[in-house]
Amino acid sequence: MKMARFWEIFRFCVVGGGCFVIDYGLLYALTEYAGVPYLWSSGISFSVSVLVNYWLCVVYVFRAAGGQTGRQKALFFGSSIAGLFLNQLCMYIFVDLCGVYYMLAKLGATAIVTIWNYVMKRKALNG
């Protein structure tokens, strides 16, 4: 069972890395090229990456999650909304209160939210 958990965490990291690229790239593009304020861009990019992450978690990471109940889906998306709030709070604190460049702040926010996401999404998808 330990190897199965190792591979699950490995798959979670691969999917999370890909979704991070989506999140980070979209944050930059929306802020720098579309002129969207960084907090709005951060919320949009996070939300897009969550949708992609959800689909990949169901089909690739947590393979036993295919037949989810409505309650499990609600928990997954509820944890994602809480993750969005945590992301936005971290971004605001790092950028506006601490003066960190928003792209660097995103790295810190992502580290914090990643831990939250793994724990909550695993619980939501595995019941």
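**Exercise 1. Which residues does Lys-106 touch, not counting residues up to four places away in sequence?**

Solution.
- Start with the source: this is a predicted model.
- Locate the residue. Lys-106 lies in helix 4.
- List the contacts. Lys-106 touches Asp-23, Tyr-24, Leu-27, Ser-42, Phe-46, Asn-87 and Met-91.
- Check the accessibility. Lys-106 has 0% relative accessibility, so it counts as buried.

**Exercise 2. Take one of those contacts, Asp-23. Find what Lys-106 forms with Asp-23, and place both residues in the chain.**

Solution.
- Test the distance. The closest N and O atoms are 2.9 Å apart. The cut-off for a salt bridge is 4 Å. Lys-106 and Asp-23 therefore form a salt bridge.
- Place the partners. Lys-106 is in helix 4 and Asp-23 in helix 1. They stand 83 residues apart, so the pair links distant parts of the chain.
- Check the surroundings. Both Lys-106 and Asp-23 are buried.

**Exercise 3. State how many salt bridges the structure holds, then analyse the pair Arg-5 and Glu-8.**

Solution.
- Count. The structure holds two salt bridges.
- Give the geometry. Arg-5 and Glu-8 join their side chains in a salt bridge, at 3.5 Å from N to O.
- Explain the spacing. Arg-5 and Glu-8 are about one helical turn apart because three residues separate them in helix 1.
- Compare accessibility. Arg-5 is partly exposed, at 35% relative accessible area. Glu-8 is at 9% and counts as buried.

**Exercise 4. Determine how many disulfides the structure has, and examine Cys-19 and Cys-90.**

Solution.
- Search. The whole structure yields zero disulfides.
- Take Cys-19. Its nearest cysteine sulfur belongs to Cys-57, 7.3 Å away. The cut-off is 2.5 Å. Cys-19 is in no disulfide.
- Take Cys-90. The closest cysteine sulfur, in Cys-98, is 10 Å off, which is too far for a bond.
- Add the accessibility. Cys-19 is buried at 5% relative accessibility. Cys-90 is buried too, at 8%.

**Exercise 5. Where in the chain is confidence lowest, and where is it highest?**

Solution.
- Begin with the whole chain. The mean pLDDT is 87, and 91% of residues reach 70 or more.
- Find the low end. Helix 4, residues 102-126, has the lowest confidence, at a mean of 83.
- Find the high end. Helix 1, residues 2-33, has the highest, at 91.
- Relate this to Exercise 2. The Lys-106 and Asp-23 pair joins helix 4 to helix 1.
- Keep the general caution. Where pLDDT is low, predicted coordinates should not be read in detail.

Methods: Residues numbered from 1 in each chain as written. Predicted model: local features only at pLDDT ≥ 70, side-chain atom pairs only at ≥ 80, totals over all residues. Heavy atoms only, no water. pLDDT = per-residue confidence, 0-100. Helix = DSSP H or I, 4+ residues; strand = E, 2+ residues; numbered from the N terminus. Buried < 20%, exposed > 50% of the residue type's maximum accessible area, 1.4 Å probe, protein only. Contact = heavy atoms within 4.5 Å.
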